[in-house]
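Please examine the sequence and the model shown below. The paragraphs that follow begin with the overall fold and then turn to individual parts.

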Amino acid sequence: MLYPRGYQLKNVAVRHNQSAKHRYYSILKLQMLLMIAVTFATAFFNWVWAYSALIGGLIYLIPHSYSAFKHFRSPADVTAGVALAQVYTGQIWKMSLMVVGFVAAFLLIDDLSGFSLFATLMLLQIVNFVLQSSSKKIF
């Protein structure tokens, strides 16, 4: 059977997009479980540390989840220029949401542990970096 020109290339792009989507969402799920574990572990010592860790994790996860949703909802067969523009737009929104999260956390919450907040945020960032750079399948 003869396929139209570009058919196989489009299917490869769609499969790659689905693979990347599954990998990224798997990492986000793992990071959410890690955030919950850190929150429960710190709750045994101090409630301020626990909700600060939770807030730090949410400041990290909400913008990253939004960025992934915006990125992966677009079709896989867009041009390189459009894909690059979408990535830049997603990064700008991600940074903006993180800034809003930090401002809201420090202005609205009186008793906040900055160390727990930033430690959880950095832990999730390091986990993201390690898992994204590894060549192994996550789940």
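Read from the beginning of the sequence to its end, the protein chain follows the pattern α-α-α-α. In this predicted model, the chain has four helices and zero strands. Of the 139 residues in the protein chain, 32% are buried. The surface that the chain exposes amounts to about 9500 Å², and carbon and sulfur atoms supply 72% of that area. Contacts also show how the chain is arranged: among those between residues at least 6 apart in sequence, 78% join residues at least 24 apart.

The interior can be approached through the nonpolar core. The largest such core contains 16 residues, and those that touch the most other members are Ile55, Ile59, Leu61, Ala105, Leu117 and Leu121. Helix 1, helix 2, helix 3 and helix 4 each supply at least two residues of this core. Helix 2 provides the largest share, with six residues. Ala105 offers an example of the contacts involved: leaving out residues up to four places away in sequence, Ala105 touches Ile55, Ile59, Leu112 and Leu117.

Helix 2, which covers residues 47-72, merits a description of its own. What span should its 26 residues have, at 1.5 Å a residue? The expected value is 38 Å, and the C-alpha atoms at the two ends of helix 2 lie 36 Å apart, which agrees. The N-terminal end of helix 2 is capped by Asn46, where a side-chain oxygen is found 3.0 Å from the backbone nitrogen of Val48.

Ser67 is also part of helix 2. Is Ser67 buried or exposed? Its relative accessible area is 11%, and the cut-off for a buried residue is under 20%, so Ser67 counts as buried. Not counting residues up to four places away in sequence, Ser67 touches Gly90 and Lys94. Ser67 and Val87 are separated by 20 residues in sequence, while their C-alpha atoms are 8.5 Å apart in space.

Helix 1 spans residues 7-43 and includes Gln31. The relative accessibility of Gln31 is 0%, and therefore Gln31 counts as buried. The side chain of Gln31 makes a polar contact with the side chain of Tyr60, at 3.3 Å. When neighbours within four places in sequence are set aside, the residues in contact with Gln31 are Tyr60, Leu61, Leu124, Val127 and Asn128. Leu61 has already appeared among the core residues that touch the most other members.

The aromatic rings form the last topic. A search of the whole structure finds three aromatic pairs. One of them joins Phe102 and Phe118: the ring centres are 5.4 Å apart and the planes meet at 20°, so this pair is stacked. The reasoning rests on a cut-off, because planes under 30 degrees apart count as stacked. The pair links distant parts of the chain, since Phe102 belongs to helix 3 (residues 80-108) and Phe118 to helix 4 (residues 114-133), 16 residues apart. Ring pairs join Phe102, Phe106 and Phe118 into a cluster. Phe118 has a relative accessible area of 39% and is therefore partly exposed, whereas Gln31 is buried.

Terms used
Residues numbered from 1 in each chain as written. Predicted model: local features only at pLDDT ≥ 70, side-chain atom pairs only at ≥ 80, totals over all residues. Heavy atoms only, no water. Buried < 20%, exposed > 50% of the residue type's maximum accessible area, 1.4 Å probe, protein only. Polar contact = N/O pair within 3.5 Å; in protein donor to acceptor, adjacent residues only side chain to side chain. Contact = heavy atoms within 4.5 Å. Areas by Shrake-Rupley, 256 points an atom, 1.4 Å probe, with all protein chains shown as cover. Phe/Tyr/Trp six-rings, centres within 6.5 Å; stacked < 30°, edge-to-face > 60°. Core = buried A, V, L, I, M, F, W, Y, C linked by side-chain atoms within 4.5 Å. Expected span 1.5 Å × (residues − 1).
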